[in-house]
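Open the structure in your viewer and show it as a cartoon, with side chains available on request. The stops below say what to select next and what is there.

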Amino acid sequence: MLSLVSLVFAYWKLPEYLKEDKNYRCRIQIFISDDGSLLSLNVIEKSGNEEFDKRALQTVKMAAPFPPVDPAIRKRVLNGDLILGFPL
């Protein structure tokens, strides 16, 4: 099975003007249900550029639904321990 990062990365596209500043970074907290559907997202570290952050959120939404959650990590995923850093 592909990793979550690989699944999301396939949808990560930025316009050239956002690629010019390579210092943009944000972190997204992801909540996924047992069946892999996206429950919610939070920006826990902003990049300083609202559009960059919005595109990170949109990217995760476009990649959903995800494969079912492995029972071994189920509780951590439901508790929001799943965090993706952008750019991927």
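Start by colouring the model by confidence. This is a predicted model, and helix 2 (residues 16-19) has the lowest mean pLDDT among the elements of the protein, at 84. The highest mean, 96, belongs to helix 3 (residues 50-63). For the protein as a whole the mean pLDDT is 90, and 98% of the residues reach 70 or more.

**Stop 1: helix 3**

Select residues 50-63. Put a distance between the two end C-alpha atoms of helix 3: they are 20 Å apart, which agrees with the 20 Å that its 14 residues should span at 1.5 Å a residue.

Now show side chains. Which residues of helix 3 are buried? They are Phe-52, Asp-53, Ala-56, Thr-59, Val-60 and Ala-63. Turn the view to look down the axis of helix 3: these buried residues fall within an arc of 115 degrees, so they line one face of the helix. On the face turned away from that buried side, find the exposed residues Glu-50 and Lys-61.

To see what covers the buried residues of helix 3, add its surroundings to the selection. The cover includes helix 1 (4-9), helix 2, strand 1, strand 2 and strand 3 (82-86).

**Stop 2: Asn-49, at the start of helix 3**

Step back to Asn-49, which sits in the loop between strand 2 and helix 3. Is Asn-49 buried or exposed? Its relative accessibility is 17%, so Asn-49 counts as buried, the cut-off being under 20%.

Show the side chain of Asn-49 together with the backbone at the start of helix 3. A side-chain oxygen of Asn-49 comes to within 3.0 Å of the backbone nitrogen of Glu-51. The side chain of Asn-49 also reaches the backbone nitrogen of Phe-52, at 2.9 Å. Apart from neighbours within four places in sequence, Asn-49 is in contact with Leu-18 and Tyr-24.

**Stop 3: strand 1 and its two partners**

Select residues 26-32, which make up strand 1. Six of the seven residues of strand 1 are buried, so the strand is largely enclosed by the rest of the structure.

Add residues 38-45, strand 2. Strands 1 and 2 pair in the antiparallel sense over six bridges. Two positions help to check the register: Gln-29 stands opposite Asn-42 in strand 2, and Phe-31 stands opposite Ser-40 in strand 2. Follow the chain from strand 1 to strand 2 and you trace a hairpin with five residues between the strands. Stop at Gly-36 in the turn, which has a positive phi of about 95 degrees.

Next add strand 3 to the view. Strand 1 pairs with strand 3 as well, in the antiparallel sense and over five bridges. Here Cys-26 is the residue to pick, standing opposite Phe-86 in strand 3. While the strands are on screen, look at their side chains: in a regular strand these alternate between the two faces of the sheet.

**Stop 4: two cis peptide bonds**

Stay with Phe-86 and select Pro-87, in the segment after strand 3. The peptide bond from Phe-86 to Pro-87 is cis, with omega near 5 degrees.

Then go to Pro-65, in the loop between helix 3 and helix 4. The bond from Ala-64 to Pro-65 is also a cis peptide bond, with omega near 0 degrees.

**Stop 5: Val-77 and Gly-80**

Move on to helix 4 (residues 74-78) and select Val-77. Val-77 is buried, with a relative accessible area of 7%. What does Val-77 touch, not counting residues up to four places away in sequence? Its contacts are Ile-30, Phe-31, Ile-32 and Val-69. For a distance back to helix 3, pick Ala-63: its C-alpha atom is 16 Å from that of Val-77, with the two positions 14 residues apart in chain numbering.

Finish at Gly-80, in the loop between helix 4 and strand 3. Gly-80 is buried, with a relative accessible area of 3%. Leaving out residues up to four places away in sequence, Gly-80 touches Gln-29, Ile-30 and Phe-31. A last distance to draw is from Gly-80 to Ile-28: their C-alpha atoms are 9.9 Å apart in space, while the residues are 52 apart in sequence.

Definitions and conventions
Residues numbered from 1 in each chain as written. Predicted model: local features only at pLDDT ≥ 70, side-chain atom pairs only at ≥ 80, totals over all residues. Heavy atoms only, no water. Pairing = 2+ DSSP bridges. Helix = DSSP H or I, 4+ residues; strand = E, 2+ residues; numbered from the N terminus. pLDDT = per-residue confidence, 0-100. Expected span 1.5 Å × (residues − 1). Buried < 20%, exposed > 50% of the residue type's maximum accessible area, 1.4 Å probe, protein only. Arc of directions from axis to C-beta. Contact = heavy atoms within 4.5 Å. Polar contact = N/O pair within 3.5 Å; in protein donor to acceptor, adjacent residues only side chain to side chain.
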